[in-house]
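Dear colleague,

I am handing over the structure below, and after it I set out what was found. Please read the notes with the structure open beside them.

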Amino acid sequence: MTDPEAVLKEIPLFQSFRVEDQRHVSSLLRTQSLKKGDILFRKGDEGTAFYMIIRGGIKIVRTSRDGKEIILALLSNGDFFGEMALLDGLPRSADAVAIEPTQLYILNRKDFLSFMMHNENVLQSIIASLSLRLRRTDDFLEDACFMNISSRLAKKLVELAETRGYKEGDTAHIELHLTQKQLAGMIGATRESINKALRVLREKGLASVSEDTIRIHDLKRLKRRIR
Ligand code: CMP
């Protein structure tokens, strides 16, 4: 059995649980470890379980037949995923791939559905997260239609700095191995246009990208480029 207190600390979804429910859910959770690059599941697979990230990172991606990738979401500690196929009974809507060594809690389909139906707070959290994803997709569509590439890139870099970055002096470091192709996929642009926009940011001293880290040197000025 997984330590109920540890579960509670690590997974916000369970924080509203009463003690008995914490104990119960802890006894049902399994754990799984993934290495960087491991594929947990692919779009089209049957949905058999719900996942929560204890530590690490998972990217949710759609991949085209010729290997192009759109990153729909980067998930990290405390986030959950894999609920859609369990809720609608359809296959997995996207691939889930570890972007760093990752530890997960797993709840099988039957237990997940039962918990959700018996716990109003869990139900609310799941609905809120579906709603948030739809809002983000709407934002993405709006930005793709109305904003230029340089604004979209600035917006994505600011978002990554605020959600995944850490500050050292004036510089925000985002430790993520993202190719220019993947970064382009996150904002619906081409690799060539991202390459150009990144060069401008580098020349202006706003941001730089190396193998495994994106560095934002001046977050305030970068924010001003979002128009
Ligand atoms: P499921 O379809 O079971 O498997 C893929 C999972 O990725 C999906 O459930 C969601 O949990 C998650 N997912 C799909 N699309 C998005 C998105 N746009 N943003 C965040 N997470 C997503």
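A polar contact is taken here as a pair of N or O atoms within 3.5 Å. The model is a predicted one, and by that cut-off a backbone N or O atom of Met 84 makes such a contact, lying 3.3 Å from an oxygen atom of the ligand. Two side chains also reach the ligand: a polar side-chain atom of Arg 92 lies 2.7 Å from an oxygen atom of the ligand, and a polar side-chain atom of Arg 133 lies 3.2 Å from a nitrogen atom of the ligand. Taken alone, the ligand exposes 450 Å², of which the protein buries 91%. There are 13 residues around the ligand, and those that come nearest are Gly 82, Glu 83, Ala 85, Arg 92 and Ser 93.

On confidence, the protein chain has a mean pLDDT of 90, with 98% of its residues reaching 70 or more. Among the elements of the chain, strand β2 (residues 39-41) has the highest mean pLDDT, 98, whereas helix α1 (residues 4-10) has the lowest, 71. Where pLDDT is low, the predicted coordinates should not be read in detail.

Turning to the interior, the largest nonpolar core has 30 residues, and Leu 153, Leu 157, Leu 178, Ile 194, Leu 201, Ile 216 and Leu 222 are those with the most contacts inside it. At least two residues of this core are supplied by each of β5 (69-76), α6 (149-164), β10 (171-175), α7 (180-187), α8 (191-203), β12 (213-216) and α9 (219-224), and the largest share, six residues, comes from α6. If residues up to four places away in sequence are not counted, Leu 201 touches Leu 153, Leu 157, Leu 206, Ala 207, Leu 222 and Arg 225. A second, separate core of 19 residues includes Val 25, Leu 29, Ile 54 and Leu 86.

Helix α7 deserves a separate look. This helix is mostly covered, six of its eight residues being buried, namely Gln 182, Leu 183, Ala 184, Gly 185, Met 186 and Ile 187. The buried residues of α7 pack against β4 (57-63), β5, α5 (120-146), α6 and α8. Just after α7, Gly 188 takes a positive phi of about 65 degrees.

Three further residues may be useful as you move through the model. Thr 213 is placed in strand β12, and it counts as buried because its relative accessible area is 10%, where buried means under 20%. Leaving aside neighbours within four places in sequence, Thr 213 is in contact with His 173, Ile 174, Glu 175, Leu 176 and Ser 208.

Gln 22, found in helix α2 (residues 19-28), likewise counts as buried, with a relative accessibility of 13%. Thr 137, in helix α5, is partly exposed, with a relative accessible area of 42%. Gln 22 and Thr 137 are 115 residues apart in sequence and 33 Å apart in space, C-alpha to C-alpha; for Thr 137 and Ser 210, the separation is 73 residues in sequence and 28 Å in space, again C-alpha to C-alpha.

With best wishes

Key
Residues numbered from 1 in each chain as written. Predicted model: local features only at pLDDT ≥ 70, side-chain atom pairs only at ≥ 80, totals over all residues. Heavy atoms only, no water. Core = buried A, V, L, I, M, F, W, Y, C linked by side-chain atoms within 4.5 Å. Buried < 20%, exposed > 50% of the residue type's maximum accessible area, 1.4 Å probe, protein only. Helix = DSSP H or I, 4+ residues; strand = E, 2+ residues; numbered from the N terminus. Contact = heavy atoms within 4.5 Å. Near = heavy atom within 4 Å. Polar contact = N/O pair within 3.5 Å; in protein donor to acceptor, adjacent residues only side chain to side chain. Areas by Shrake-Rupley, 256 points an atom, 1.4 Å probe, with all protein chains shown as cover. pLDDT = per-residue confidence, 0-100.
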